[in-house]
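Me: I would like a close look at a single part of this protein, one strand and its surroundings. Please take me through it in one connected account.

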Amino acid sequence: MDSSAKQRVRVREARPEDDEAIGELLVAAYTTQYAKKMPDVVYTEERKRDLRAVAQKRAVASVWAAELDGEVVGTVALYPPGAPGSEAWLPDAADLRHLATAPAVHGQGLSAPLMEAAEAQARAWGVKAVCLHVRKGVQGVARMYMSRGFVRAPEGDLVYPTVSLEAYVLPLAR
């Protein structure tokens, strides 16, 4: 993304009218860009329904949309401590989920403004940390989070029958 395009990106809270676009963006990102990194991963119809359930996420979490020239091209969700759907393992910690960009703009720097919005929300909530999970083996994604100050936290790892997730945490100064 050139600097003029980057300047046109606007991150804002998602609205009900964004739900469909964000849901389709998540499905497209997971089934194209992420699938390239992890070709053995299968995205079931159930998983796609979960990704498209943006209204349900907005009911319990802060969901952000990145717009470029009026089109939603990125998203991230931040769950407050104790919210349904949160996978945070630390008390008084927010849970960052579903950071994604549209395939057409993937790798062009949109994750940074989305992360800045989510981290600012976490600080506004006064939480002591932001937790997140990365699919085991996806080193590039893990490096991106670590470049923002997240550190590996094996005590928060999750192992499900179909996926293993590695935990990371960003401690926030109070």
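Reply: A good place to begin is a single pairing, in which Arg12 has Ala65 of strand S2 as its bridge partner. This is a predicted model, in which local features need pLDDT of at least 70 and side-chain atom pairs count only at pLDDT 80 or more, while totals for chains, interfaces and linings use all residues. Residues are numbered from 1 along each chain as its sequence is written, and side-chain values use heavy atoms, with hydrogens and water left out. The pLDDT, which is the predictor's confidence in each residue from 0 to 100, averages 89 over the protein chain, and 90% of the residues score at least 70.

Strand S2 covers residues 62–68; helices (H or I, at least four residues) and strands (E, at least two) are DSSP runs, numbered from the N terminus. Strand S1 (residues 9–13) pairs with S2 in the antiparallel sense over five bridges, where pairing requires that DSSP finds at least two bridges between two strands. S2 also pairs with strand S3 (residues 71–79), again in the antiparallel sense, over seven bridges, and within S3 it is Gly74 that stands opposite Ala66. The hairpin of S2 and S3 has two residues between the strands, and Asp69 there takes a positive phi near 55 degrees.

As for exposure, seven of the seven residues of S2 are buried, meaning under 20% relative accessible area, as against exposed at over 50% and partly exposed in between (1.4 Å probe, protein chains only). In a regular strand the side chains alternate between the two faces of the sheet. Both faces of S2 are covered, with Ser62, Trp64, Ala66 and Leu68 buried on one side and Val63, Ala65 and Glu67 buried on the other.

For contrast with this covered strand, consider Ala104, whose place is in the loop between strand S4 (93–101) and helix H5. Ala104 is exposed, with a relative accessible area of 68%, and its C-alpha lies 9.4 Å from that of Ala29, although Ala104 and Ala29 are 75 residues apart in sequence. Helix H5 itself (residues 111–125) has 15 residues, and its buried residues are Leu114, Met115, Ala117, Ala118, Glu119, Gln121 and Ala122. Just after H5, Gly126 takes a positive phi of about 80 degrees.

Conventions
The expected span of a helix is 1.5 Å times one less than its number of residues.
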